[in-house]
Amino acid sequence: QTAALKTKAKGQTTAERAKWLVKVRDGEGYMSQFIADEKEGGTQILECHSPIMNLIDRYPIVARLEQDMFSSVLDTPVRREETRNSGLYECAFYFAA
């Protein structure tokens with residue numbers, strides 16, 4: 001899937017590709033948004049739901065593969081940070097735009 005996404009990715013800049021990826025991920029149910037605010041920790045894709053959370057819980061390597069996919073599609077290093085608090089889920093993918 002990573003190769004297919006990378007081939008389809010639209011945008012000349014990292015930020016443009018990130019915005020494209022947000023639309024794709026949002027359509028897949030990840031509740032994704034693009035954030036470019038230093039007050040929020042810097043440029044990131046923030047996801048507030050994960051349809052594959054049970055898979056990530058059972059096989060933690062899936063989280064690493066997801067991070068690698070973001071890095072490949074955006075063509076830049078990506079840092080993944082997941083937060084779960086009182087049943088709420090957020091996963092931020094930080095990168096330099």
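**Figure 1. Aspartate 75 in the loop between α4 and β3.** In this predicted model, aspartate 75 is exposed, with a relative accessible area of 55%. The residue belongs to the loop between α4 and β3 and follows just after α4. Its phi is near 60°, a positive value in a residue other than glycine.

**Figure 2. Methionine 31 in the loop between α2 and β1.** Methionine 31 is placed in the loop that lies between α2 and β1 (32-37). Although methionine 31 is not a glycine, its phi is positive, at about 50°. With a relative accessible area of 48%, methionine 31 is partly exposed.

**Figure 3. Helix α4 and its buried residues.** Helix α4 comprises residues 61-74. From the first C-alpha to the last, the 14 residues of α4 reach 20 Å, close to the 20 Å expected at 1.5 Å a residue. The buried residues of α4 are Val62, Ala63, Glu66, Gln67, Met69, Phe70, Val73 and Leu74. They cover an arc of only 155° around the axis, which puts them on the same side of α4. The elements that cover these buried residues include the helices α1 (2-8), α2 (14-27) and α3 (53-58). The strands β2 (42-47), β3 (79-85) and β4 (88-94) are also included in this cover.

**Figure 4. A nonpolar surface patch that includes Leu65.** Leu55, Tyr59, Ile61 and Leu65 make a nonpolar patch of about 390 Å² on the surface. Of these residues, leucine 65 is found in helix α4.

**Figure 5. Arginine 79 and its contacts.** Arginine 79 lies in strand β3 and is partly exposed, with a relative accessible area of 42%. When residues up to four places away in sequence are not counted, arginine 79 touches Gln67, Ala92, Phe93 and Tyr94. Among these contacts, Gln67 is one of the buried residues of α4. The C-alpha atoms of arginine 79 and arginine 64 are separated by 9.7 Å, the two residues being 15 residues apart along the chain.

**Figure 6. The salt bridge between arginine 80 and glutamate 66.** The side chains of arginine 80 and glutamate 66 form a salt bridge, with an N to O distance of 3.1 Å. Arginine 80 is in strand β3 and glutamate 66 in helix α4, so this pair ties together parts that are 14 residues apart in sequence. Arginine 80 counts as buried, at 15% relative accessibility, and glutamate 66 is also buried, with a relative accessible area of 6%. Side chains of opposite charge can pair when their charged atoms come close.

**Figure 7. Glutamate 82 and the salt-bridge network.** The side chain of glutamate 82 meets that of arginine 80 in a salt bridge of 2.9 Å, N to O. A salt bridge also joins the side chains of glutamate 82 and arginine 84, at 2.8 Å, N to O. Glutamate 82 counts as partly exposed, at 30% relative accessibility, as does arginine 84, at 41%. A network of salt bridges links Arg25, Glu47, Asp57, Glu66, Arg80, Glu82 and Arg84. Within the whole structure, a search finds eight salt bridges.

Technical notes
Residues numbered from 1 in each chain as written. Predicted model: local features only at pLDDT ≥ 70, side-chain atom pairs only at ≥ 80, totals over all residues. Heavy atoms only, no water. Patch = residues over 30% accessible without salt bridge, like charges linked within 9 Å, V, L, I, M, F, W, Y side chains within 5 Å. Areas by Shrake-Rupley, 256 points an atom, 1.4 Å probe, with all protein chains shown as cover. Salt bridge = Lys/Arg side-chain N within 4 Å of Asp/Glu carboxyl O. Helix = DSSP H or I, 4+ residues; strand = E, 2+ residues; numbered from the N terminus. Expected span 1.5 Å × (residues − 1). Buried < 20%, exposed > 50% of the residue type's maximum accessible area, 1.4 Å probe, protein only. Arc of directions from axis to C-beta. Contact = heavy atoms within 4.5 Å.
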